[in-house]
Amino acid sequence: MIFKYKVTFPYSKQFFRDYEFKGECSLYRVMEFVQNQLGFVPDMMILFQGLDENGKILHEYGLFDMGDGSIDNVTVADTHKRGEVVLRFIFNLSKNLYLDLSLIGTGDADARTDYPQVTGEKGHAPQQFSSVYEDDDYENHPHGLPHSVEGDVPDDDEDDDDEEEDDDDENEMVFDESELPEGTE
């Protein structure tokens, strides 16, 4: 059986990812997959919280067993059996930055598919160490550049002009007064 999750980030109205995991997938493997897919560094302390449909935290799973199990011993199916419909992945404990993996369905695994997998996505990934997130405005920024870097893009035409000027200087001959040919004073 596979479990389908929609991943959201509370500071973004656009960002989401749709993931599918096999039931026997450990939370450790979920962590590795999410970190790799979003470009996070893997050596941070993390925490998973299992929430019920009312948003109440039922269990907490860490790298070390804190009483509810460690992430290498708890599977996605285990969290489902415990009534946890949201897995909150806290990827930066000091800034309390997290992603919510909300269960959106289950299904049968396809023998021709490798799991876990991404089935849908939108928006750029949140920064692991920054508490500032700006949604891209795709209509006004067709290349997906965030507002903060939009002005930093160099104009390609300016670079070409500089190269042409440099080429002209290289072909120009410069003489000292003593080297000038006779009659060109």
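1. In this predicted model, strands E5 and E6 make a convenient starting point, since the two run antiparallel to each other and are paired over six bridges. Within this pairing, Arg-88 has Asp-100 of E6 as its bridge partner.

2. The pair belongs to a wider arrangement, an open sheet of seven strands whose order is E4-E3-E5-E6-E1-E2-E7, with antiparallel pairing. Strand E4 (57–62) and strand E7 (117–122) are found at the edges, where each has a single partner strand, so one side of each remains without a neighbour in the sheet. On average, and with direction ignored, neighbouring strands of the sheet are turned by 25° against each other.

3. Helix H1 packs on this sheet, where it touches E2, strand E3 (47–51), E4, E5, E6 and E7, and its direction makes about 145° with that of E2.

4. The length of H1 can be checked with a short piece of reasoning: at 1.5 Å a residue, its twelve residues should span 16 Å, and because the end C-alpha atoms are 16 Å apart, the model agrees with this expectation. The buried residues of H1 are Leu-27, Val-30, Met-31, Phe-33, Val-34, Gln-35 and Leu-38, and just after the helix Gly-39 takes a positive phi of about 80°.

5. At the E4 end of the strand order, E3 and E4 pair in the antiparallel sense over five bridges, and Gly-50 stands opposite His-59 in E4. These two strands form a hairpin with five residues between them, and in its turn Gly-55 has a positive phi of about 85°.

6. In soluble globular proteins, nonpolar side chains tend to be buried together. Here the largest nonpolar core has 29 residues, and those with the most contacts inside it are Phe-21, Val-30, Phe-48, Phe-89, Leu-99 and Leu-101. At least two residues of this core come from each of strand E1 (2–8), strand E2 (16–22), helix H1 (27–38), helix H2 (76–81), strand E5 (86–92) and strand E6 (97–107), while H1 gives the most, with six residues.

7. Phe-48 deserves a separate look, as one of the core residues with the most contacts inside the core. Leaving aside residues up to four places away in sequence, Phe-48 touches Leu-27, Val-30, Met-31, His-59, Glu-60, Tyr-61, Ile-71, Leu-87, Arg-88 and Phe-89. Several of these names have already appeared in this note: Val-30 is among the buried residues of H1, His-59 is the residue of E4 that stands opposite Gly-50, and Arg-88 is the bridge partner of Asp-100.

Key:
Residues numbered from 1 in each chain as written. Predicted model: local features only at pLDDT ≥ 70, side-chain atom pairs only at ≥ 80, totals over all residues. Heavy atoms only, no water. Core = buried A, V, L, I, M, F, W, Y, C linked by side-chain atoms within 4.5 Å. Buried < 20%, exposed > 50% of the residue type's maximum accessible area, 1.4 Å probe, protein only. Helix = DSSP H or I, 4+ residues; strand = E, 2+ residues; numbered from the N terminus. Contact = heavy atoms within 4.5 Å. Pairing = 2+ DSSP bridges. Axes fitted to C-alpha atoms, helices over the stretch in contact; angles between N-to-C directions. Expected span 1.5 Å × (residues − 1).
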